[in-house]
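User: I've got this one open on my screen and I'd like to talk through some of its contacts. Can we go one question at a time?

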Amino acid sequence: MKPVQPSDARLYLLNSPVLSDYGDWRLEGPITIEQAKVLVSGGFVSAVGHAATAELLSRLLGVDVPVRRVRAEMRPGDQALVFWLKQRLPEGSVLSANELANAPYELALLTRLA
């Protein structure tokens, strides 16, 4: 995984893969925790809206991931490190960080190309 390019591009953290607008996108993965740590080492914008996901990502990545319920408006060149829960939860289910850690998930890299 390459760090964000160009220098004004942003790296977002997302709690699910989401396309924020029309355009060309690339989703790569799964990526390893080590690759994810390299990506976040240059800084990031948290758009993680769920406390348990932010807590788990903080533990996995060794950085503070704040809970921020904001819309990630990705521009061409921006990337997002995505926490991707690989199962559909029953309606109304809310998992703790420990339950999320034991659920099937992957980390992926979403890039807006155009």
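User: Which residue does Arg 75 meet in a salt bridge?

Analyst: Bear in mind that this is a predicted model. The cut-off for a salt bridge is a side-chain nitrogen within 4 Å of a carboxyl oxygen, and here the N to O distance is 3.7 Å. The partner of Arg 75 is Asp 78.

User: Is Asp 78 buried or exposed?

Analyst: Its partner Arg 75 counts as partly exposed, at 35% relative accessibility. Asp 78 has a relative accessible area of 0%, and buried means under 20%. So Asp 78 is buried.

User: How many salt bridges does the structure hold?

Analyst: The Arg 75 and Asp 78 pair is one of them. Another joins the side chains of Glu 73 and Arg 71, at 3.8 Å from N to O, and Arg 71 counts as exposed with 55% relative accessibility. The total for the structure is five.

User: Which residue forms a salt bridge with Lys 86?

Analyst: The closest N and O atoms of this pair are 3.8 Å apart. It links distant parts of the chain, 20 residues apart: Lys 86 sits in the loop between strand 4 and helix 3, while its partner is in strand 5. Lys 86 is partly exposed at 40%, and the partner is partly exposed too, at 27%. That partner is Glu 106.

User: Which residue has its face under Lys 86?

Analyst: Besides the salt bridge with Glu 106, Lys 86 also lies over a ring. The distance to the ring centre is 3.7 Å, against a cut-off of 6 Å for a charge over a ring. The ring belongs to Trp 84.

User: Which residues of helix 1 are buried, and why are they on the same side?

Analyst: They cover an arc of only 90 degrees around the axis, so they end up on the same side of helix 1. What covers them includes strand 1, strand 2, helix 2, strand 4 and strand 5. The buried residues are Ala 36, Leu 39 and Val 40.

User: Which residue does a cis peptide bond join to Gly 29?

Analyst: Most peptide bonds are trans. Here omega is about -5 degrees, and the bond is cis. The residue joined to Gly 29 is found in strand 2, and strand 2 is among the elements covering the buried residues of helix 1. The residue is Pro 30.

Terms used. Residues numbered from 1 in each chain as written. Predicted model: local features only at pLDDT ≥ 70, side-chain atom pairs only at ≥ 80, totals over all residues. Heavy atoms only, no water. Buried < 20%, exposed > 50% of the residue type's maximum accessible area, 1.4 Å probe, protein only. Helix = DSSP H or I, 4+ residues; strand = E, 2+ residues; numbered from the N terminus. Arc of directions from axis to C-beta. Contact = heavy atoms within 4.5 Å. Lys NZ or Arg CZ within 6 Å of the ring centre and 35° of its normal.
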